[in-house]
Amino acid sequence: MKALCYQGKEKLRVETVDDPKILNPRDAIVRITRSAICGSDLHIYDGYIPTMEPGDILGHEFMGEVVEVGSKVENLKAGDRVVVPFTIACGNCFYCKQQLWSLCDNSNPNAWIAEKMYGYSPSGLFGYSHMLGGYAGGQAQYARVPFADVGPLKIPEGLSDDQVLFLSDIFPTGYMAAENCEIKPGDVIAIWGCGPVGQFAIRSAYLLGAEKVIAIDRFPERLNLARQGNADVINYEEVDDVIEELKWMTGGRGPDACIDAVGLEAHSNTIPGWYDTAKQSMRLSFDRPLVLRQAIQACRKGGVVSIPGVYGGFLDKIPFGAAMNKALSFRTGQTHMMRYMQPLLQRIENGEIDPSFVITHRIRMEDIPNAYKMFRDKQAHCIKVVIDPWAEQAAA
Amino acid sequence: MTITTDLGTDLSRGDANKKPNNTKTAAAAVVTGGGLAAFGLSRRSWAGLGLAAGGAYLAYHGITRIGPYIGKVRVSYTIHRSPEELYNLVRNPQTWSEFAQGIETNRKEDGELALVLGQGLGFKLTSGIRITDEQPGSYIAWSSVPGALEHRGVVHFKPAPGDRGTELSVALEYKIPAGTFTQALGMLYGQGPEPLVRENLRRLKQFAEAGEIPTTTGQPTGTRGVRGSALRILYRETKAQPPQQQARMAGD
């Protein structure tokens, strides 16, 4: 089969590799019909995620048709159409039983590596470094799905692939980010980052009863899409001070909760931004936490800072005095996927939201390496790229 | 009930009559002596031979002064099964083929369990153990048989708080003769005692809770190249799978 393989920083290659096979009794093999590139894949592309190996197959947002199941999988059969969550969970450990699916004890074969860095290991993920399992990912034509009796969600007839693909990651991620804000009537939510996760966080915040969402970015097409989701917007390149702007827009109170939907590659043309970028390029630090700093400063007293944005290692110069003295709560984590997929599928079926609104580009396997560059550099008004792994001709 | 990690001082008592050992100076003597000997031989002269002899004696003096190394390992995992279920899993060496990696077990007729802890380069690191005390559902204590790699340990099965299952704790103490050199040698063949115990307990937890060991061995991959292959070794992804896993993969 064809698969998108990592070969080094900014080096991706579509290669012909073996088809996956059943390795454990709870596995299933899925023929992938739709896949996508995630913003967090860009951290791999830019070389910021440790423990990658040349030859790794990337991709963690995918769906398709079950073609084979292991001997212990009873809820799926060949022919079922499923969306596969990006986290892998066994279903039986303490964390799975608490619905903390992205913290599964038993799905990371390389748990010892994560333990060295983090103390304890989170669950394995598809296509996201060997510290998190080294699993082959879904920017390919087939995938092997471990613990298939727990993860994959069956999709009923009547919904297109484009409508449900984002149940694999970004819709539940944006939704959990909004849910973590503990939204009460009257709340104003500020969201940094109008990429796909931010866009879903905007709509999820309104679904959860927010009074107003303020979205912050600098790219006009992303700000426009945010406006279409009923958000007020701030273009941070056009205001003097984002924090003062937020204070003005919230009657001097500050937003009740702040969502960092940007993560470790935050951009800024300010002195702190250059400092972060310099340190990161010299590998003196892993992450650029500009947005996190702003979110902490901007948040009202007693508010929540909700962090779906991916961070990998150590941060520098975090205003923790502000956080402590304003009594902020931090809610974070990789998405607890299996908690959200069914309820959000319900909302899609009810017509409350059509997630395909974020798609701006459709490509074939061969186009993926260039698409990563386009997505990272925000060229061609790119917001979300989806892949048809079986397309031969360039799609519309 | 407290977990007993103090396994007594039997392992070190036998050396009470030996000269006090100081591993650092002994190691220094070996290195210096070895270096002098090599230098002396390279001179190819009578003076050089004399120097080599002196160096060799220094090295020998160092080696005999390096005392045994006594190490301790403590690993604990909470597993979502009852103490009785886990006791039965652990007590039965048959189930070890489902999850054990880097340890082969062979039950002998007299109740002794022979262990292979690592092999390579035509050399095997082995031990043999005998159960010395046990209480079903509560603990198992064992010690090595005479002549084998000396160690002893105890595994406790303690009910975990709430409905978390069982706190399974392993404490063991081992003695390696001629201290650090043999220990380093042992680590060439295995992973060292602590990772060996920890990873096998982790796999026991995975087997007990999830019914299988998570794996990526056998999955599709692109071109690894030299760097990728080296990283696979560094991330310990080239180790042999537990026997049952190998059988499953071979069977298909």
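**Sheet, cores and a hairpin in a predicted model**

In this predicted model, strands β10 (residues 188–192) and β13 (residues 257–260) of chain A run side by side in the parallel sense, joined over 4 bridges. Within this pair, Ile191(A) sits opposite Ile259(A) of β13(A). Zooming out, β10 and β13 belong to an open sheet of 6 strands in chain A, with parallel pairing and the order β12-β11-β10-β13-β14-β15. At the edges are β12 (232–235) and β15 (329–332) of chain A, each of which pairs on one side only. The sheet isn't flat: its neighbouring strands are turned by 20° against each other on average, direction ignored. Helix α10 (residues 290–298) of chain A packs on this sheet, where it touches β10, β13 and β14 (304–307) of chain A. The direction of helix α10 of chain A makes about 175° with that of β13(A).

The facing pair turns up again in the largest nonpolar core, which has 132 residues. Ile191(A) and Ile259(A) are among the members that touch the most others, along with Val30(A), Ile189(A), Ala201(A) and Ala215(A). This core takes at least three residues from each of two domains of chain A, domain 1 (2–169 + 335–387) and domain 2 (171–332). As for Ala201(A), its contacts beyond four places in sequence include Ile191(A) and Ile259(A), and also Gly174(A), Ala177(A), Ala178(A) and Ala261(A). Another core, of 22 residues, lies apart from the big one, and its members include Tyr87(B), Trp96(B), Val154(B) and Val170(B). As a rule of thumb, nonpolar side chains in soluble globular proteins tend to be buried together.

Over in chain B, there's an antiparallel pair to look at: strand β5 (residues 139–144) and strand β6 (residues 151–159) of chain B, held over 5 bridges. Here Ile140(B) has Val155(B) in β6(B) as its bridge partner. The two strands make a hairpin with 6 residues between them, and Gly147(B) in the turn has a positive phi of about 90°.

Chain B also has a loop between α7 (193–210) and α8 (225–234), and that's where Ile213(B) is found. Despite its place in a loop, Ile213(B) counts as buried because it has 23 C-beta neighbours inside 10 Å, and the cut-off for buried is 20 or more. Setting aside neighbours within four places in sequence, its contacts are Phe99(B), Arg203(B), Gln206(B), Phe207(B), Pro242(B) and Gln245(B). Take Gln245(B): from Ile213(B), this residue is 32 residues apart in sequence and 8.4 Å apart in space, C-alpha to C-alpha.

Terms used. Residues are numbered from 1 along each chain as its sequence is written. Chains are lettered from A and ligands numbered from 1 in the order in which they are written. This is a predicted model: local features need pLDDT of at least 70, side-chain atom pairs count only at pLDDT 80 or more; totals for chains, interfaces and linings use all residues. Two strands pair if DSSP finds at least two bridges between them. Axes are lines fitted to C-alpha atoms, for helices over the stretch in contact, and angles run from 0 to 180 degrees between N-to-C directions. Two residues are in contact if their C-beta atoms, placed from the backbone, lie within 7 Å. A residue is buried if 20 or more other C-beta atoms lie within 10 Å of its own, exposed if 12 or fewer, and partly exposed in between; C-beta atoms are placed from the backbone. A nonpolar core is a set of buried Ala, Val, Leu, Ile, Met, Phe, Trp, Tyr and Cys residues joined through C-beta atoms within 7 Å. Domain bounds come from an automatic or database domain assignment.
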